Amino acid sequence: HVVGTIDIGIDDGVHYLVMDYVEGCTLATLLKQQKGKRPYHLIARVLVDALNGLHAAHTLVDDHDRPLRLVHRDVSPQNVMVGTDGNGHLTDFGIAKARARSTHTDPGIFKGKLGYFAPELLLDPDGFDHRADIFAAGAVLWMALTGEALFDAGSDQLTITNVVRKEAPPPSTVGLKPPDAFDEVCLKALAKDPARRYQTASHMASALRQAALDAGLLGSPAEVADWVWSLSGTQIRS
């Protein structure tokens with residue numbers, strides 16, 4: 001559930017990156033085409049996949065089995081690919097940071113999409129870990145379910161204030177008002193204190209999967225594939 005990198009290099013002075021090809025589109029593309037309604041069972045399936053991919057990235061080790069402590073830092077609907085194979089795939093590790101090889105982040109320089117930042121990324125750009133990605137995944141899930149932006153406020157300053165101070169309301173009370181089966185998962189992932197969140201992406205994936213199963217809202221890969229083809233099949237074929 002991660003879009004793999006095959007090769008990197010420089011050709012005639014231009015850097016290039018070769019990645020696995022995923023036939024499909026982004027979660028953002030699918031959601032834009034269904035602004036007035038959301039297939040909650042398919043969103044749950046895609047997010048479970050993406051979280052499993054995120055866990056795989058977080059647990060990467062080097063050639064000597066030392067943890068890389070990788071943090072994606074840009075988990076967002078634009079970076080979740082949904083394939084015609086019915087699977088969700090996490091992509092775009094362009095600004096990921098391996099904490100084992102971390103470098104200082106210049107003050108005031110934010111990389112990624114502010115609306116999906118964890119508070120600690122803003123308050124202490126060098127004092128974060130993989131749980132920042134879990135917060136971002138919670139924001140993606142909240143937005144995908146409600147059809148509303150949780151923290152975006154029209155300006156960077158107001159968005160930053162919201163990320164740091166605004167408490168997320170239960171998604172079932174906002175926007176499209178999805179089933180309350182997802183409230184607990186969203187709110188735990190969006191805890192301001194990293195210690196109160198899911199401590200691994202795998203734990204969040206399991207909790208989301210179980211909540212969806214209990215509510216009869218966990219779609220199958222075949223249903224996800226049909227969703228992709230029905231909304232983006234013309235663009236994919238062209």
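The bend at a residue is the angle between axes fitted to the seven residues ending there and the seven starting there. By that reckoning, this predicted model has a kink of about 65° in helix α8, centred on Leu-231. The span of α8 can be set beside that of a straight helix. A straight helix of 17 residues would cover 24 Å at 1.5 Å a residue. The end C-alpha atoms of α8 are only 20 Å apart.

Leu-231 itself is buried. Other buried residues of α8 include Val-224, Trp-227, Val-228 and Ile-236. Gly-233 and Ser-232 are buried too. What covers the buried residues of this helix? Strands β3 (24–26) and β5, with helices α1 and α2, are among the covering elements.

Next, the core. In soluble globular proteins, nonpolar side chains tend to be buried together. Here the largest nonpolar core has 62 residues. Leu-27, Leu-141 and Met-204 have the most contacts inside it. Among the elements that give two or more residues to this core are α1 (27–32), α2 (40–58), β5 (80–83), α7 (201–214) and α8 (221–237). Which element gives the largest share? Helix α4 does, with twelve residues.

Leu-141 shows how the contacts run. Neighbours within four places in sequence are left aside here. Leu-141 then touches Ile-43 and Leu-47. Val-185 and Cys-186 are also in contact with Leu-141. So are Met-204 and Leu-208.

The structure holds one aromatic pair. Phe-135 and Phe-151 are stacked, 5.9 Å centre to centre, with 15° between the planes. Phe-135 lies in helix α4 (131–146) and Phe-151 in the loop between α4 and α5 (156–165), so the pair ties together parts 16 residues apart in sequence. Both Phe-135 and Phe-151 are buried.

Charged pairs come last. Side chains of opposite charge can pair when their charged atoms come close. The count here is four salt bridges. One of them joins Arg-197 and Glu-120, with the closest N and O atoms 2.7 Å apart. This pair links distant parts of the chain: Arg-197 sits in the loop between α6 and α7, Glu-120 in helix α3, and 77 residues separate them. Arg-197 and Glu-120 are both buried.

Another bridge joins Asp-62 and Arg-66, at 2.9 Å from N to O. Why does Asp-62 count as buried? Because its relative accessibility is 16%, and buried means under 20%. Arg-66, at 47%, is partly exposed. Arg-131 and Asp-129 form a further bridge, with their closest N and O atoms 2.9 Å apart. Arg-131 is buried at 18%, whereas Asp-129 is partly exposed at 24%.

Notes
Residues numbered from 1 in each chain as written. Predicted model: local features only at pLDDT ≥ 70, side-chain atom pairs only at ≥ 80, totals over all residues. Heavy atoms only, no water. Phe/Tyr/Trp six-rings, centres within 6.5 Å; stacked < 30°, edge-to-face > 60°. Helix = DSSP H or I, 4+ residues; strand = E, 2+ residues; numbered from the N terminus. Buried < 20%, exposed > 50% of the residue type's maximum accessible area, 1.4 Å probe, protein only. Core = buried A, V, L, I, M, F, W, Y, C linked by side-chain atoms within 4.5 Å. Contact = heavy atoms within 4.5 Å. Expected span 1.5 Å × (residues − 1). Salt bridge = Lys/Arg side-chain N within 4 Å of Asp/Glu carboxyl O.
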